[in-house]
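I am opening a new page for this structure. My notes follow in the order I looked things up.

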Amino acid sequence: MNITFNTAALLFPAISLIMLAYTNRFLALAALVRSLHAKYLEHNKSGVLHGQIKNLRYRLKLIKQMQAMGVVSFVTCIACMYCIYVEHQFLIELTFALSLLFFVISLFISLLEIQVSNKALELELSDMEEGDDSSLTGYIKRKFDKKKGGPQ
């Protein structure tokens with residue numbers, strides 16, 4: 001296998017884009033934490049807020065790990081390019097493989113964070129649905145009550 005500058009350089013835009021996406025996720029999460037903090041101070045510390053806080057802490061850890069693996073992938077890709085420059089074949093293959101491995105680990109952590117993020121949204125939705133019967137019979141009952149002019 002012959003790895004050239006072009007081969008290693010293919011990882012640069014991919015890693016850069018994924019790092020940008022991770023940074024955007026972090027910034028969105030930071031805004032959510034600030035918003036949740038204001039809500040926490042305002043609403044007597046409800047149970048849903050505690051669940052959200054626990055979820056956010058875990059997501060922050062995951063994002064930190066995603067970013068760290070992305071940075072390590074980027075650094076090993078740079079090391080690969082240096083090894084190509086000094087023409088050390090074993091180190092070229094090793095650093096390129098490590099760069100790919102760290103990149104894949106970062107993506108798997110990202111997938112886990114997305115799943116945890118969905119759980120957070122489900123928690124938020126469950127808070128809003130507490131009083132609602134979302135079954136088909138509940139829907140029919142609400143429609144029937146509405147036609148009779150009764151409360152929904």
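**Notebook: surface patch, fold, cysteines**

I started at the surface. Helix α3, residues 47-86, is the top contributor to the nonpolar patch, giving 3 residues. I should add that I am working with a predicted model. I listed the patch members next: Phe5, Tyr82, Tyr85 and Val86. Together they make a nonpolar surface patch of about 460 Å².

I picked out Tyr85 for a check. Tyr85 lies in helix α3. Its relative accessibility is 60%, so Tyr85 counts as exposed.

Then I stepped back to the whole protein. I counted 5 helices and 0 strands. Along the sequence I read the pattern α-α-α-α-α. The protein has 152 residues, and 27% of them count as buried. It exposes about 10400 Å², with 65% of that supplied by carbon and sulfur atoms.

I also looked at contacts with a separation of 6 or more. Residues 24 or more positions apart account for 79% of them.

Last came the cysteines. How many disulfides does a search of the whole structure find? I got 0. Cys77 is in no disulfide, and its nearest cysteine sulfur, that of Cys80, is 6.1 Å away. A disulfide needs the two sulfur atoms within 2.5 Å, so this pair does not qualify. Cys80 is likewise in no disulfide, with the sulfur of Cys77 as its nearest.

Are these cysteines buried or exposed? Cys77 is buried, with a relative accessible area of 0%. Cys80 also counts as buried, at 0% relative accessibility.

Methods:
Residues are numbered from 1 along each chain as its sequence is written. This is a predicted model: local features need pLDDT of at least 70, side-chain atom pairs count only at pLDDT 80 or more; totals for chains, interfaces and linings use all residues. Side-chain values use heavy atoms; hydrogens and water are left out. Buried means under 20% relative accessible area, exposed over 50%, partly exposed in between (1.4 Å probe, protein chains only). Patches are made of residues with over 30% relative accessible area and no salt bridge: like charges are joined within 9 Å, nonpolar side chains (Val, Leu, Ile, Met, Phe, Trp, Tyr) within 5 Å. Accessible areas come from the Shrake-Rupley method with a 1.4 Å probe; for residues, only the protein chains shown count as cover. A salt bridge is a side-chain nitrogen of Lys or Arg within 4 Å of a carboxyl oxygen of Asp or Glu. Helices (H or I, at least four residues) and strands (E, at least two) are DSSP runs, numbered from the N terminus. Contact means heavy atoms within 4.5 Å.
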